[in-house]
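The following exercises ask you to read a model by its surface, its helices and a few chosen residues. Work through each task before turning to the solution beneath it.

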Amino acid sequence: MKQQASSRGGAVWALVLTSIAGFMAALDNLVVTTALPSIRTSLGGELAELEWTVNAYTLTFAVLLMTGAALGDRFGRRRLFLAGLAVFTAASAAAALSPGIGALIAFRAVQGVGAAVMMPLTLTLLTAAVPPARRGMAYGVFGAVTGLAVASGPLVGGSLTEHLSWQWIFWLNVPVGLVLLPLARLRLAESYAPKAPLDIRGTALVSAGLFGIVYALVSATGDGWTSPGVLTGLIAGTALLGAFVRHGFRAAHPVLPMRLFRNRAFFGINVASLLMFLGMFGSIFLLSQFLQSALGYSPTEAGLRMLPWTGMPMLVAPVAGYLSDRFGGRPVVVTGLALQALGLGLFAAVLEPDVGYAAQLPGLIIGGIGMALYFAPASSLVMSSVRPGEQGMASGANNALREVGGALGVAVLASVFSAHGGYGSPQAFADGTVPAVWIGAGVVALAALVALFIPGRRTAQAPAPETADARVPLSA
């Protein structure tokens, strides 16, 4: 009985610590967006430099996720989680103290490095600590927290900037990180992947390939899709990722074995995740600005009006985890993606410069429920589709694809926005936002169709058993 209580306590601690760390990493994707005018007043900088205060974090975060997962498997997941958390916390403090725009961009890039090491290991550590029968509920809570972070970044950034100063969007991470570090050291058990050699060639190929792709995507809005830098990044990045795929088929111990994608569940949920983040991330990026630029709300007012969407994961995602345990992940994920697409479509259908809040509510509520239903089962499907020793690389791959999807979503939907409208007037902003959000809705609907091909519970392909346990507990 005492051992069972201890196991439950370890699972609770793992859930709390990994959820808070995941919230911090996910929040910083968009937390800067509503603070950009204040940052420009304080530090100066041209539009391109202000964009890079957002993009520098996305770039290093997306590029190094696979590397962080591989290092954790090889040298210890708890050890690398602590290292990533320490780098993220220190870089947050440095960003708050930045004397100029160039320094801020550099420290945002370092923040992304810390988050990339930390984020893929959160799910692996959580999976190791929670019994299989309770993982759906645990993933539900984790999904609720990280989903809330992605969607509420503009609200948190706007509120802190409006009522305190832009520096507080970074200072906020420091006390949280300082509390998490000793608790994670004491309460999380160490784990490794059995026989996990470090694949230097594969890690270099995927890191360089993702750098080229993501650099091109985040530069496309400012420089244009046909600029030499963007085209070079797309072509070189695609070639390097092609070499990485070839390496994944041929190498003895690749950082990401391509055989994993032969599993329909792993392939389907990763493609659906990329499409989901493409449509959702790009739409949130534009809609949070629409509420301010077209409807005249302050950052705090805009964030509060988005709460039916952004706050819904806290209410629904734990229920989604229970439903996933009961009925399997596929029907919950498909339903969630379909509702998210419907919510975005309803929002696009009513967008105009004088739209009332009552007309926005159906899209906000339905989209929020859909987002909440997606997050928990998606995590469960990723982690259950591979063997325990492969969960680190699986989590890293899924997170990398999500980040690439998010960067692609911002780039594509911002390009659509620029082609049809602009910042000149509320009507121009609406003219650009409407077709962009319709595209976002269509992409998420496509993700729902892809998710239909994920095997159901009765036909799911179980991963082959391992001869060695992936978890190697060490003393705290």
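**Exercise 1. The chain as a whole**

How many Å² does the protein chain expose, and what percentage of this do carbon and sulfur atoms supply?

Solution. The model is a predicted one, and its protein chain exposes about 18,300 Å², of which carbon and sulfur atoms supply 68%. Turning from area to residues, 57% of the 476 residues of the chain count as buried. The secondary structure consists of 18 helices and zero strands. Finally, when contacts between residues at least 6 apart in sequence are considered, 84% of them join residues at least 24 apart.

**Exercise 2. The span of a helix**

Determine what helix 5 (residues 101-129) should span at 1.5 Å a residue, and compare this with the distance between its end C-alpha atoms.

Solution. Helix 5 has 29 residues, and the expected span is 1.5 Å times one less than that number, which gives 42 Å. The end C-alpha atoms of helix 5 are 42 Å apart, so the expectation and the model agree. Helix 5 nevertheless has a kink of about 30 degrees, centred on Thr-122.

**Exercise 3. Two threonines**

Classify Thr-89 and Thr-232 as buried or exposed, and describe the surroundings of each.

Solution. Begin with Thr-89, which is found in helix 4 (residues 77-96). Its relative accessibility is 5%, and because buried means under 20%, Thr-89 counts as buried. Apart from neighbours within four places in sequence, Thr-89 is in contact with Asn-173, Val-174, Gly-177 and Leu-178.

Thr-232 lies in helix 10 (residues 228-250), and its relative accessible area of 51% makes it exposed, since the cut-off for that class is over 50%. Between Thr-232 and Ile-213 there are 9.2 Å in space, C-alpha to C-alpha, for a separation of 19 residues in sequence.

**Exercise 4. A buried glutamine and a nonpolar patch**

Which residues does Gln-360 touch, and which residues form a nonpolar patch on the surface?

Solution. Gln-360 has its place in helix 16 (residues 357-384) and is buried, with a relative accessible area of 1%. Residues up to four places away in sequence being left out, Gln-360 touches Leu-291, Leu-295, Phe-347 and Val-355.

The patch is formed by Leu-446, Leu-449, Leu-452 and Phe-453, which together have about 420 Å² of accessible area. One of these, Leu-446, is found in helix 18 (residues 426-451), and its relative accessible area of 41% makes it partly exposed.

Key
Residues are numbered from 1 along each chain as its sequence is written. This is a predicted model: local features need pLDDT of at least 70, side-chain atom pairs count only at pLDDT 80 or more; totals for chains, interfaces and linings use all residues. Side-chain values use heavy atoms; hydrogens and water are left out. Patches are made of residues with over 30% relative accessible area and no salt bridge: like charges are joined within 9 Å, nonpolar side chains (Val, Leu, Ile, Met, Phe, Trp, Tyr) within 5 Å. Accessible areas come from the Shrake-Rupley method with a 1.4 Å probe; for residues, only the protein chains shown count as cover. A salt bridge is a side-chain nitrogen of Lys or Arg within 4 Å of a carboxyl oxygen of Asp or Glu. Helices (H or I, at least four residues) and strands (E, at least two) are DSSP runs, numbered from the N terminus. Buried means under 20% relative accessible area, exposed over 50%, partly exposed in between (1.4 Å probe, protein chains only). The bend at a residue is the angle between axes fitted to the seven residues ending there and the seven starting there. Contact means heavy atoms within 4.5 Å.
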